[in-house]
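Reader: I should like to learn how to read the features of a structure that is new to me. May we take them in turn, with the general idea before each case?

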Amino acid sequence: MAKLDLNLMAVLEAIYDEGTTSRAAGVLHLSQSAVSHALKRLRGMYDDPLFVRQGHKMIPTPLTRRMIKTIKTSLVALRNTIEGAQVFEPHLHQQLFRMSQRDAVEAILLPPMMKILQAQAPGIRISSTQFAPDDIATQLQQGQIDVGMELHREMPKDIISHCLLSDGLAVVGRKGHPFFSGEQSAETFLQYSQVLVTPFQGESEWVDQALASLGLTRDVSLRCLNFNSGINVLLQTDKLSIMPKIYAETQTQWYPIASAEVPFAVPPLDLHMYWHERQHTDLASRWFREKIIEIFTEFALASEQRAQSKTAVQ
């Protein structure tokens, strides 16, 4: 099969529509000799004259008449891909976005995200999963996920990131727990056994690192995979846990839990969104990422307002 040159198909279409090579040349912004040369190549490809001259007009042969509908349809489809690449209509778009995120992030992101999609982009679906932090870059590079949300880490140059949130930590326990009504010191905190939530074996725990720097250790009586399980344990015991502050604040509307500042210095959690550079300019992917950023921006503002209100009351 001869190597296909799509420009030749456009020439064939123009001659069919305009009836002469000179008018076809004008439509295509080519010289008449260039159009004549293209027609010669087309005739060689199809082993058919394709057009025969009658007076001043080029009349299509039976073969051209049979082919023209398919050629026109194909060219329209190709032109539409160029135009469509620059247009994104959320309410018409159909796509599955695959995300990797920890369960605390999933719990606060998915409800508002799905509400947005229901109203603005009902054809967009989400598949949420969780990969180990060290695997995020590989999964993005291989196209297994479209977005990865994880604590800040070094990434290869082809992975782009955006900081979604810099959040503190909070001590969490059931409402009525003695810790929240007494002196909230590190010593008091360490009197209670702890629930540690992490899905990854061997993951470095920054709370324990902070305590170690003070020469202190805590009694972790339960290590579990997700925060929902951890909260349910807290509700039925006197155990305490340290969780992301924004997560704890959002869960107070569903669970009778209390929270307080961590009584020793711990670094903030810097949550980043990661994506591969090949998706950086894609309109649908950019819209999706912008909605995630908007949601976390609103959470951060609400958290700041609650903190200011609490300070004003005190």
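Author: Let us begin with charge: Lys and Arg count as positive, and Asp and Glu as negative, while His and the chain ends are left out. The model shown here is predicted. On that count, the protein chain carries 30 positive and 33 negative side chains. The centres of the two sets lie 13 Å apart.

Reader: What does the radius of gyration of the protein chain come to, and what would a compact globule of 314 residues have?

Author: A compact globule of that length would have a radius near 20 Å, whereas the protein chain has 31 Å. The spans of the C-alpha trace along the principal axes can be set beside this value: they are about 105 × 35 × 30 Å. As for the elements within the chain, there are 11 helices and 12 strands.

Reader: How much of the protein chain is buried?

Author: A residue is called buried when its relative accessible area is under 20%, and exposed when it is over 50%. Buried residues account for 42% of the 314 in the protein chain. The accessible surface amounts to about 17300 Å², and carbon and sulfur atoms contribute 53% of it.

Reader: Why do the buried residues of α8 line one face of the helix?

Author: An α-helix has 3.6 residues a turn, so residues three or four places apart point the same way. In helix α8, residues 206-213, the buried residues include Val207, Ala210 and Leu211. Viewed down the axis of α8, the buried residues fall within an arc of 100°, and they therefore line one face. Ala212 and Ser213, on the other side of α8, are exposed. The buried residues of α8 pack against β7 (169-174) and β10 (240-244).

Reader: Which residues of helix α2 are buried, and what covers them?

Author: In α2, residues 21-28, Thr21, Ala24 and Ala25 are buried. Down the axis of α2 the buried residues occupy an arc of 105°, so they too line one face of their helix. Their cover includes α1 (6-18), α3 (32-46) and β2 (57-60).

Reader: How should I read a positive phi?

Author: Most residues other than glycine have a negative phi. Positive values therefore deserve a second look in such residues. Just after α2, His29 takes a positive phi of about 60°. The loop between α3 and β1 (51-54) holds Asp47, whose phi is near 55°. Leu50 is also found in the loop between α3 and β1, and its phi is positive at about 70°. A glycine offers a further case: Gly215, which follows α8, has a positive phi near 75°.

Reader: Are Asp47 and Leu50 buried or exposed?

Author: Asp47 counts as exposed, because its relative accessibility is 72%. Leu50 is buried, since its relative accessible area is 0%.

Reader: Which residues does a buried residue such as Tyr247 touch?

Author: Contacts are listed here without residues up to four places away in sequence. Tyr247 belongs to helix α10, residues 245-251, and is buried with a relative accessible area of 2%. Tyr247 touches Ala104, Ala107, Ile108, Phe227, Asn228 and Ile231. The C-alpha atoms of Tyr247 and His29 are 61 Å apart. In strand β12, residues 269-276, lies His272, which is buried at 11% relative accessible area. Among the residues that His272 touches are Gly148, His152, Ser161 and Cys163.

Definitions and conventions: Residues numbered from 1 in each chain as written. Predicted model: local features only at pLDDT ≥ 70, side-chain atom pairs only at ≥ 80, totals over all residues. Heavy atoms only, no water. Helix = DSSP H or I, 4+ residues; strand = E, 2+ residues; numbered from the N terminus. Rg over C-alpha atoms; globule rule 2.2 N^0.38 Å. Buried < 20%, exposed > 50% of the residue type's maximum accessible area, 1.4 Å probe, protein only. Areas by Shrake-Rupley, 256 points an atom, 1.4 Å probe, with all protein chains shown as cover. Charge placed at Lys NZ, Arg CZ, Asp CG, Glu CD. Contact = heavy atoms within 4.5 Å. Arc of directions from axis to C-beta.
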